[in-house]
Amino acid sequence: MDIQNVLTKGKAGVRGDLLATVWAMAERLRFFHWPLEFPEVFAQGGFDVVLCNPPWERIKLQEQEFFATRDKDIAEAPNAAARKRLIQQLPKTNPALWHEYQQALHDSDALSKFLRRSGRFPLTARGDINTYSVFCELFRELERPGGRAGVVVPTGIATDDTNKHFFADLVDRGELVSLFDFDNRAKLFPAVISLMKFCLLTIRRGGQGSSEASFAFFCHRPEELRDPQKILRLSPEDIARLNPNTRTLPVFRTRQDAELTRAIYERVPVLVNERTGENPWGVRFLRMFDMSNASHIFCTGAELEREGFRLVGNR
């Protein structure tokens, strides 16, 4: 009804209380509309160059991270089940924090629904969404035809299952220029853990068909990209042959490793080809237990001792 009033009456159809709520929400959530902020750029078709390091955050609210600076006991609970019990006590023990937590849950859920249902991110708004993935899809759309984007993101943009549709689309359209993979052992990012893998991803809007892209893996410092043994080139056909099921990126330490693997895969099929149904070994996969989804059946040593169990060796 409110939207209908605006469409029929214009600004006069907007309720004052609704407008105040929208402005407050926009201020709190920092809404940003690219064509409104840069109309002169989009009048020319988009940006020539986009250089960025977008946030690397999961959309789903992470309870440990949320409570890390708000409630130490909840953040350091021994497992997810214990943490949920403490959270459920918040309406009595800390009503203000409970309200803040509920607001954060609502914001996370609303953002997830927008990303999944708006149609703006058909390739990356999948699974457990991470902001860096949807930003990559956004940045590609911000470029003019022939423009380029250089992005610093986790290497998972090319290797994770949730990003396989986006990466495959980049490859198929010939829009992938290069991907140079690093870990953080050299502490290029002081606040990020050493084993975190990230990459310098370069894409162009409007590709060149089946053109090859440049890759390097397991780098520690930018100067390693001058080493010809580090740089390898793969075509869309190579990637499809090496990872036909996921269409994600295979990882190699050296150019020789890539050439050897490519030669093997040209002669020998993959173990299971989900596209063709080929499965000569009769292989099947299943998931058993993990500490997140099955946290209620895992026990700490102290809990077992209280139930009468005794440690014998390592059992």
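This tour visits the pockets, a nonpolar surface patch and a cavity of a predicted model.

**First stop: the largest pocket**

Begin by selecting Leu29, Arg30, Ile59, Leu111 and Thr131, which lie nearest the centre of the largest pocket. The lining of this pocket comprises 35 residues, and its volume is about 1,700 Å³.

Next, colour the helices that contribute to this lining. Helix H2 (16-29), helix H3 (34-37), helix H5 (63-68), helix H9 (95-117) and helix H10 (131-142) each provide at least two lining residues. Which helix gives the most to the lining of the largest pocket? That helix is H9, with ten residues.

Colouring the lining by residue class then shows 20 nonpolar, six polar and nine charged residues.

**Second stop: the second largest pocket**

Keep H9 displayed and select Arg58, Lys60, Gln62, Glu63 and Ser292, the residues nearest the centre of the second largest pocket. About 730 Å³ of space lies in this pocket, and 21 residues line it.

The helices to highlight here are H5, helix H7 (80-88) and H9, each of which supplies at least two residues of the lining. H9 again deserves attention, since the largest share of this lining, four residues, comes from H9. H5 and H9 may therefore be left coloured from the previous stop, as both helices contribute at least two residues to the lining of the largest pocket and at least two to that of the second largest.

By class, the lining of the second largest pocket divides into six nonpolar, six polar and nine charged residues.

**Third stop: a nonpolar surface patch**

Switch to a surface representation and select Leu286, Met288, Phe289, Met291, Ile297 and Phe298. Together these residues make a nonpolar surface patch of about 670 Å².

Within the patch, centre the view on Phe289. This residue is located in the loop between helix H14 (255-267) and helix H15 (301-306). Is Phe289 buried or exposed? Its relative accessible area is 58%, and because exposed means over 50%, Phe289 is classed as exposed.

**Final stop: the cavity**

Return to a cartoon or stick view for the interior space. How many cavities of 30 Å³ or more are counted? The count comes to one, and about 50 Å³ of space lies in the largest cavity.

To display its lining, select Val171, Gly174, Glu175, Leu176, Ser211, Ala213, Leu234, Ser235, Pro236 and Ile239. Coloured by class, this lining consists of six nonpolar residues, three polar residues and one charged residue.

How values were computed:
Residues numbered from 1 in each chain as written. Predicted model: local features only at pLDDT ≥ 70, side-chain atom pairs only at ≥ 80, totals over all residues. Heavy atoms only, no water. 1 Å grid on protein atoms, 1.4 Å probe; cavity = no way out; pocket = protein on both sides within 12 Å on 5 of 7 lines; lining within 4 Å. Points joined across faces, edges and corners; volume = space filled by probe spheres on them. Nonpolar A, V, L, I, M, F, W, Y, C, P; charged D, E, K, R; others polar. Patch = residues over 30% accessible without salt bridge, like charges linked within 9 Å, V, L, I, M, F, W, Y side chains within 5 Å. Areas by Shrake-Rupley, 256 points an atom, 1.4 Å probe, with all protein chains shown as cover. Salt bridge = Lys/Arg side-chain N within 4 Å of Asp/Glu carboxyl O. Buried < 20%, exposed > 50% of the residue type's maximum accessible area, 1.4 Å probe, protein only.
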